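Me: Could you take a close look at one part of this model for me? I'd like a connected walk through it, including what it packs against.

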Amino acid sequence: MNSRVMYWAGIVLLVVLGICFLLFYKDPFPANHEAIGLGALHIVHDITPVILLAGAGFLVWKMRRTRATATT
């Protein structure tokens with residue numbers, strides 16, 4: 001498989017997971033901490049999406065940098 005396709009697949013995966021953590025682990029949804037009894041670990045679901053989205057941004061930056069150096 002092409003490395004560019006792998007980068008885009010990784011970016012899409014990280015963005016989807018980041019948005020999933022941001023939206024679906026909050027209070028009105030069934031997977032939130034109150035529903036399953038993990039009240040003390042809210043910070044995990046606040047920091048994890050930021051890390052995942054930053055990782056996606058890093059992959060975009062790295063892919064563009066690699067492509068720019070390959071063409072020059």
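**A close look at helix 3**

Reply: Let's begin with the length check: helix 3 covers residues 42–71, and at 1.5 Å a residue its 30 residues should span 44 Å; the C-alpha atoms at its ends lie 45 Å apart, which agrees. Bear in mind that this is a predicted model.

For a bit of context, the protein has 3 helices and 0 strands, so the pattern along the sequence reads α-α-α. Of its 72 residues, 17% are buried. Its accessible surface is about 5,300 Å², with 73% of that belonging to carbon and sulfur atoms.

Back to the helix itself. The buried residues in helix 3 are His45, Pro49, Leu52, Ala56, Leu59 and Met63. A general point helps in reading that list: an α-helix has 3.6 residues a turn, so residues three or four places apart point the same way.

Now for the packing. Two packed helices are described by the angle between their axes and the distance between the axes. Helix 1 (residues 3–24) packs with helix 3 at about 160 degrees, and the two axes are 8 Å apart. Since angles over 145 degrees count as roughly antiparallel, that makes helix 1 roughly antiparallel to helix 3. The crossing of the two is left-handed. On the helix 1 side, the contact is made by residues including Tyr7, Ile11, Leu14, Gly18, Phe21 and Leu22. Helix 3 contributes, among others, His45, Pro49, Leu52, Ala56, Leu59, Lys62 and Met63.

Two residues of helix 3 are worth zooming in on. Pro49 sits in this helix and is buried, with a relative accessible area of 0%. Leaving aside its neighbours within four places in sequence, Pro49 touches Gly18, Phe21, Leu22 and Val44. If you'd like a distance to check on screen, try Pro49 to Leu14: they are 35 residues apart in sequence and 8.7 Å apart in space, C-alpha to C-alpha.

Then there's Lys62, also in helix 3. Its relative accessibility is 35%, so Lys62 counts as partly exposed, and Lys62 is one of the residues that make the contact with helix 1. From Lys62 to Tyr7 you go 55 residues in sequence but 9.2 Å in space, again C-alpha to C-alpha.

Pairs like these fit into a wider tally for the protein: among contacts between residues at least 6 apart in sequence, 67% join residues at least 24 apart.

Conventions
Residues numbered from 1 in each chain as written. Predicted model: local features only at pLDDT ≥ 70, side-chain atom pairs only at ≥ 80, totals over all residues. Heavy atoms only, no water. Helix = DSSP H or I, 4+ residues; strand = E, 2+ residues; numbered from the N terminus. Buried < 20%, exposed > 50% of the residue type's maximum accessible area, 1.4 Å probe, protein only. Contact = heavy atoms within 4.5 Å. Areas by Shrake-Rupley, 256 points an atom, 1.4 Å probe, with all protein chains shown as cover. Expected span 1.5 Å × (residues − 1). Axes fitted to C-alpha atoms, helices over the stretch in contact; angles between N-to-C directions. Parallel < 35°, antiparallel > 145°, perpendicular 65-115°, else oblique. Left-handed = near helix turned anticlockwise from the far one by under 90°.
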